[in-house]
Amino acid sequence: MLMPHPATLRTLVEEYESLVAHDGEGSDPQTARRAQDLAYTLCVSTGTRDVRRALEVARGRLAAAQATATAELCGNRVTLPKDSDSHGPGTSGYAALHEQC
């Protein structure tokens, strides 16, 4: 599966969350359509079918990417599990970062 660049994924998550947060303020049809488009793109980008799950997966991938980048800056190499969607000890990008630095 192709994976979007972390910056692209972060932009999608931030824009979607911003639109949803302001949805209760009487959004117009154009804003609602943009939120639907972003939800679809997030699902496709994460290989999921539900936007809530897509956001979870996206956040996990962003955390792992941040941990890897930070560890590389510290001069360490972080090896994350192949299944970045799993939950449990040692699978968090945050945990991997703090084990290394």
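This report walks through the core, the salt bridges and one distant pair of residues in a predicted model.

## The nonpolar core

Let's start on the inside. The largest nonpolar core has 15 residues, and the members that touch the most others are Leu9, Val13, Tyr16, Leu38, Leu42, Val51 and Leu55. Three helices each give two or more residues to this core: α1 (6-21), α2 (29-46) and α3 (51-73). As a bit of background, nonpolar side chains in soluble globular proteins tend to be buried together.

Leu9 is a good residue to click on. Which residues does Leu9 touch, leaving out those up to four places away in sequence? The list is Pro4, Leu42, Ser45, Thr46, Ala58, Arg61 and Leu62. One of these, Leu42, is also among the core members with the most contacts to other members.

## A salt bridge between two helices

Now for the charged side chains. How many salt bridges does the structure hold? There are five, and one of them joins the side chains of Glu17 and Arg59, with 2.2 Å from N to O. Glu17 sits in helix α1 and Arg59 in helix α3, so this pair ties together parts that lie 42 residues apart in sequence.

Are these two partners buried, exposed or something in between? Glu17 is partly exposed, with a relative accessible area of 31%. Arg59 is partly exposed too, at 42%.

## Salt bridges over short stretches

Glu56 pairs up with Arg53, and their closest N and O atoms are 3.1 Å apart. These two residues are three apart in helix α3, which means that about one helical turn separates them. Glu56 counts as partly exposed at 45% relative accessibility, and Arg53 is also partly exposed, at 29%.

Then there's Arg52, which forms a salt bridge with Asp50; here the closest N and O atoms are 3.5 Å apart. Arg52 is exposed, with a relative accessible area of 61%, because anything over 50% counts as exposed. Its partner Asp50, at 31%, is partly exposed.

## A pair far apart in sequence

Finally, take a look at Ala63, which lies in helix α3. Ala63 has 34% relative accessibility and counts as partly exposed.

How far apart are Ala63 and Pro6, in sequence and in space? Along the chain they are separated by 57 residues, while in space their C-alpha atoms are 9.4 Å apart. Try finding both in the structure above.

Conventions. Residues numbered from 1 in each chain as written. Predicted model: local features only at pLDDT ≥ 70, side-chain atom pairs only at ≥ 80, totals over all residues. Heavy atoms only, no water. Core = buried A, V, L, I, M, F, W, Y, C linked by side-chain atoms within 4.5 Å. Buried < 20%, exposed > 50% of the residue type's maximum accessible area, 1.4 Å probe, protein only. Helix = DSSP H or I, 4+ residues; strand = E, 2+ residues; numbered from the N terminus. Contact = heavy atoms within 4.5 Å. Salt bridge = Lys/Arg side-chain N within 4 Å of Asp/Glu carboxyl O.
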